[in-house]
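Colleague: Hey, got a minute to walk me through this model? I'd like to talk about the ligand and the pockets.

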Amino acid sequence: MASTLVLLGPPGSGKGTQAARLGEDLGFRQLATGDLLREARAQGTQLGVRAADYMDRGELVPDDVILETVCDAIARADDEPIVLDGFPRSEAQADALAGALERQGRDVTAAILIDVPDEVVVERISGRGQGRSDDNPDTVRERLRVYHDETEPLVAYYDDRGLLRRVDGAQAPDAVYEQVRRSAEER
Ligand code: AP5
Ligand code: MG
């Protein structure tokens, strides 16, 4: 069965950076919900229009907006290995993911937590300079609050299922990747 990895971690922890490395190095197909939503906004699709205000406030877009998109992408992945970046972000999404994967005959093989303290997050995001509309200080604070309130409970969720792997995300990107790769290959 092909691997399905979940990358967990606060905003700016390096989920996108590490997912790209897994793609280049081990051939993982990347499924990044934030990137999908930003593309939808740039194209002005109905999905993008519905997501815009939530994203700019740093809040989660409603599940009905995101779940269909993710389930379609999973169905299209066939038996390729997948790395999920930014999904699931709540217990309801984690349950929906489990159901969608089961329909494809697969399941989550590991949830890798990229652990980074809040101060480092704020510093990194303010230095990113990609012009993201949610990278201003007020929205970053709200994104961190939403992470701690809604997404962090998934650490216990996956730990209870024996799937959690912790990585120290405050190291340099290469050192983080070394731990991510090891966690990805561990069965
Ligand atoms: P999303 O796009 O997922 O944003 P996020 O979780 O806030 O995370 P970021 O993309 O900002 O950071 P990252 O962890 O990918 O780090 P990166 O590698 O870029 O979501 C955006 C919004 O979309 C949400 O707020 C929500 O509204 C909506 N959304 C998305 N998914 C959703 C869902 N499932 N349900 C509902 N709503 C959803 O790194 C950050 C910076 O640090 C970069 O400059 C990078 O170069 C640098 N860096 C990376 N690693 C290191 C390192 N080890 N050392 C030093 N610098 C590093
Ligand atoms: Mg990202």
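Modeller: Sure, let's start with a contact: a backbone N or O atom of P173 lies 3.4 Å from a nitrogen atom of ligand 1. I call that a polar contact, meaning a pair of N or O atoms within 3.5 Å; within protein, one must be able to donate a hydrogen and the other to accept it, and residues adjacent in sequence count only if both atoms are side-chain atoms. The protein covers 86% of the 1000 Å² of accessible area that ligand 1 has on its own, with areas from the Shrake-Rupley method and a 1.4 Å probe, and for residues only the protein chains shown count as cover.

Colleague: Before I go on, what are the ground rules here?

Modeller: It's a predicted model, where local features need pLDDT of at least 70, side-chain atom pairs count only at pLDDT 80 or more, and totals for chains, interfaces and linings use all residues. Residues are numbered from 1 along each chain as its sequence is written, chains are lettered from A and ligands numbered from 1 in the order in which they are written, and side-chain values use heavy atoms, with hydrogens and water left out.

Colleague: OK. Which polar backbone atom is 3.1 Å from a nitrogen atom of ligand 1?

Modeller: One belonging to V61. There's also G12, with a backbone N or O atom 2.9 Å from an oxygen atom of the ligand.

Colleague: And how many residues surround ligand 1?

Modeller: 31, and the closest are T17, T33, E59, R89 and R143. To count, a residue needs a heavy atom within 4 Å of the ligand.

Colleague: What's the mix by class in that shell?

Modeller: 11 nonpolar, 11 polar and 9 charged. Here Ala, Val, Leu, Ile, Met, Phe, Trp, Tyr, Cys and Pro count as nonpolar, Asp, Glu, Lys and Arg as charged, and the others, Gly among them, as polar.

Colleague: Which element gives the largest share of the shell?

Modeller: α2, with 4 residues. Helices (H or I, at least four residues) and strands (E, at least two) are DSSP runs, numbered from the N terminus.

Colleague: Where does ligand 1 sit?

Modeller: In the largest pocket, as more than half of its atoms lie within 2 Å of the grid points. A pocket is an open set of points on a 1 Å grid over the protein atoms alone, with protein on both sides within 12 Å along at least five of seven lines, and lining residues have an atom within 4 Å of a point. This one has 46 lining residues, with K15, D85, R89, R132 and R143 nearest its centre.

Colleague: And the second largest pocket, what lines that?

Modeller: R29, Q30, L31, A32, D35, L36, E39, T69, A73 and R76. Two or more of the lining residues come from each of β2, α2 and α4 (63–76), and β2 gives the most, with 4.

Colleague: Switching to the backbone, which peptide bond is cis?

Modeller: The one from F87 to P88, with omega near -5°. P88 is in the loop between β3 (82–85) and α5 (91–103).

Colleague: And which residue has a positive phi although it is not a glycine?

Modeller: D78, at about 50°. You'll find D78 in the loop between α4 and β3.

Definitions and conventions:
1 Å grid on protein atoms, 1.4 Å probe; cavity = no way out; pocket = protein on both sides within 12 Å on 5 of 7 lines; lining within 4 Å.
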